[in-house]
Amino acid sequence: QMNDDKDPISVLTPEWAYQSVHAEVLQEYGLLGQSVRVGILDSGIDFNSSCAREQLRGFLDVVQYRTAPYDDSSEDFSHGTFVAGILCRLVPQADLFVYKLSNAAEDVYFITDILEGLDAVLADQLNVINLSWGLAAPAGLQGMAWEDGNRVFAAALERVAAAGTLIVAATGNGNYENALDMQQLPNGSPVAISVGATTQYGEIAPFSDLDAHLFAPGKGVYSDYTAEIASYNNGTSFSAPFVTAAIAVIQQAYGSSREQLTRDDVLDILLLTARPESSTVTFSDGEERAFPFLALDYG
């Protein structure tokens, strides 16, 4: 628990992150993701979690090619399960598709697995996908040059976007000045919507990169570690599903319209409804300055 008299959310509780984006509005208006097909490309999902039992409609494992859903990112914490738990809490009636692209033994996303997962997304005709990771480790390129790997990955993302699937990507946990390559993918792709992290105090999280379209809770977020354990965790990985859920809601709201929303249409809606905020940022040279940003808000 964290206490701060200046903070309107004075105690860190399981509810704070969801309350901070006014998630209760979704329940009030019945916007729970009905008939929206949402994909999570990650480390898998614990089949015994309530999220998997109630909402999972498809599972593909491109790592070990098992047929039954699972998540082995670590013994007591499952990255994909945590991401899915946030998403399912926000849109508990969406159809969930999970693509397992990594495991604990390798702890890296290989470019061939990424491409296979994105091909499956195309085949499943999803509305929106959540990518809470980046192509950053040299091992993931499997011998390709950085430029070549980026080019192949970028082309695959563009194919998915051209088919009408919206892409949400975590902006990364480097530092305020983005230690990674400026073309870091997937968050650097022009067809993706990138998400940074905020704290319970409404500030930009110290680990979050700044190159994001908008920001959502990412420090001290509560979700499922496994089917048996729930707790708090930090990362832009866990900010992204808040935005993925918002996009699912937008797509549900416009579902009866003949008009197909583009990535730019959806981004415009997200930015127009976001809260303008400012955070004090300290850069590596010691300079402090106010950094304006837009915070996700369902209200």
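**Exercise 1. Which residue of strand 9 does Tyr222 stand opposite?**

Before solving, keep in mind that this is a predicted model, in which local features need pLDDT of at least 70 and side-chain atom pairs count only at pLDDT 80 or more, while totals for chains, interfaces and linings use all residues. Residues are numbered from 1 along each chain as its sequence is written, and side-chain values use heavy atoms, with hydrogens and water left out.

Solution. Start from the elements: helices (H or I, at least four residues) and strands (E, at least two) are DSSP runs numbered from the N terminus. Strand 8 covers residues 221–224 and pairs with strand 9 in the antiparallel sense over four bridges, where pairing requires that DSSP finds at least two bridges between the strands. The two strands form a hairpin with five residues between them, and the residue opposite Tyr222 is Tyr232.

**Exercise 2. Work out whether the length of helix 4 agrees with its number of residues, and describe the setting of Thr81.**

Solution. The expected span is 1.5 Å times one less than the number of residues. Helix 4 (residues 79–90) has twelve residues and should therefore span 16 Å, and its end C-alpha atoms, which are 17 Å apart, agree with this. Next, consider burial, where buried means under 20% relative accessible area, exposed over 50% and partly exposed in between (1.4 Å probe, protein chains only). Eleven of the twelve residues of helix 4 are buried, including Phe82, Ile86 and Leu90. Thr81, which lies in this helix, is buried because its relative accessible area is 2%. Leaving out residues up to four places away in sequence, Thr81 touches, among others, Asp46, Asp71 and Tyr225, a contact being heavy atoms within 4.5 Å.

**Exercise 3. Locate Ser239 and describe its surroundings.**

Solution. Ser239 is found in the loop between strand 9 (230–233) and helix 7, and with a relative accessible area of 0% it counts as buried. Ser239 touches residues including Val195, Ala197 and Pro217, when residues up to four places away in sequence are not counted. A polar atom of the Ser239 side chain lies 3.4 Å from the backbone oxygen of Gly196.

**Exercise 4. Describe the nonpolar cores.**

Solution. A nonpolar core is a set of buried Ala, Val, Leu, Ile, Met, Phe, Trp, Tyr and Cys residues joined through side-chain atoms within 4.5 Å. The largest one has 55 residues, and Leu96, Phe242, Val243, Leu270, Leu296 and Tyr298 touch the most other members. Its largest share, nine residues, comes from helix 7 (residues 240–253). A second, separate core of 27 residues includes Tyr109 and Leu135.

**Exercise 5. Trace two salt bridges that involve strand 3.**

Solution. A salt bridge is a side-chain nitrogen of Lys or Arg within 4 Å of a carboxyl oxygen of Asp or Glu, and the whole structure holds eight of them. In one of these, the side chains of Asp95 and Arg57 meet at 3.3 Å, N to O. Asp95 lies in strand 3 (residues 95–100) and Arg57 in strand 2 (residues 56–61), so this pair ties together parts that are 38 residues apart in sequence. Asp72 forms a salt bridge with Lys100, with the closest N and O atoms 2.7 Å apart. This pair links Asp72, in the loop between strand 2 and helix 4, to Lys100 in strand 3, 28 residues apart. Asp72 is partly exposed at 24% relative accessible area, whereas Lys100 is buried at 0%.

Technical notes: A polar contact is a pair of N or O atoms within 3.5 Å; within protein, one must be able to donate a hydrogen and the other to accept it, and residues adjacent in sequence count only if both atoms are side-chain atoms.
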